[in-house]
Amino acid sequence: GELMTKIVTGILLLILLSASTALAVRPDTIKVEVDYMVGVGHSHKLQPAEVAMIVQTFACQGIVMIIEVSDSVPHTDNMTGSPFFGNMASGGFGWYKQNYMDHLGDPGWHYCIMAHNYNGGSSSGLGELAGDDFIVSLGSWSGQIGTPFQRASTLVHELGHNLNLRHAGNQDEGAIGQYKPNYASVMAYRYQVDAVRREMLC
């Protein structure tokens, strides 16, 4: 049933995360404030079942995951910026963070915006490498918001970049690519949105 699907999905995320590159410094607790856009006929708000998937994924690794789904922020079809996370112009990531992040200045908090699209593309998200900012942007995906699995797994993927995880583990992704089939991790593009249910080759 639906509940079992959610449990299995959470376990799959766990498997993928546990196979990921080991963190140099393993945190005991990770805290993420999540703001979200609401557009005409759709909402990018992270739902409780999706939060539960993410929390369980990290709990099984001994990490306490605190996700605070916070404010609805003004919707834009296309966030822009170069550098992206430092854009303080109205509608830029920095502007949203300055005006809407409740934990601005509090140590240890990551900031996520569940957005529509960014920089004119259809990428599922963007994460600051070894930083504290990221977005999930599924506006060009199913229903303009993606599936529950895609929202949960993409949040984990982009947060992974904040934790200094990359698409090919500790290997050069420029040389071997970002779809490495034997790197069974939510960080690999091959498994990020489909996971082992469809994409595992061995």
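This report covers the salt bridges of a predicted model and the surroundings of one histidine.

**Salt bridges**

Side chains of opposite charge can pair when their charged atoms come close. In this model the count comes to 3 salt bridges. The table gives each pair with its N to O distance.

| Pair | Closest N to O distance |
|---|---|
| Glu 50 and Arg 151 | 2.5 Å |
| Lys 97 and Asp 133 | 2.7 Å |
| Lys 97 and Asp 132 | 3.5 Å |

**Glu 50 and Arg 151**

Glu 50 and Arg 151 meet through their side chains at 2.5 Å, N to O. This pair links distant parts of the chain, with the two positions 101 residues apart in sequence numbering. Glu 50 belongs to helix H2 (residues 48-59), and Arg 151 belongs to helix H4 (residues 148-162). Glu 50 has a relative accessibility of 2% and therefore counts as buried, the cut-off being under 20% relative accessible area. Arg 151 is buried too, with a relative accessible area of 7%.

**The network at Lys 97**

Lys 97, Asp 132 and Asp 133 are linked in a network of salt bridges. Lys 97 forms a salt bridge with Asp 132, where the closest N and O atoms are 3.5 Å apart. Asp 132 lies in the loop between strand S5 (125-127) and strand S6 (133-137), while Lys 97 lies in helix H3 (residues 93-100), so this salt bridge ties together parts that are 35 residues apart in sequence.

Lys 97 also forms a salt bridge with Asp 133, with the closest N and O atoms 2.7 Å apart. Because Asp 133 is in strand S6 and Lys 97 in helix H3, the pair ties together parts that are 36 residues apart in sequence.

The three members of the network have these accessibilities. Lys 97, at 17% relative accessibility, counts as buried. Asp 133 counts as buried at 6% relative accessibility. Asp 132 is partly exposed, its relative accessible area being 30%.

**His 103**

The loop between H3 and strand S4 (109-115) holds His 103. His 103 is buried, with a relative accessible area of 15%. Its side chain is joined to that of Glu 68 by a polar contact of 3.1 Å. Leaving aside residues up to four places away in sequence, His 103 touches Glu 33, Glu 68 and Trp 109. Glu 68 thus appears both in the polar contact with His 103 and among the residues that His 103 touches.

Note on methods:
Residues numbered from 1 in each chain as written. Predicted model: local features only at pLDDT ≥ 70, side-chain atom pairs only at ≥ 80, totals over all residues. Heavy atoms only, no water. Salt bridge = Lys/Arg side-chain N within 4 Å of Asp/Glu carboxyl O. Helix = DSSP H or I, 4+ residues; strand = E, 2+ residues; numbered from the N terminus. Buried < 20%, exposed > 50% of the residue type's maximum accessible area, 1.4 Å probe, protein only. Polar contact = N/O pair within 3.5 Å; in protein donor to acceptor, adjacent residues only side chain to side chain. Contact = heavy atoms within 4.5 Å.
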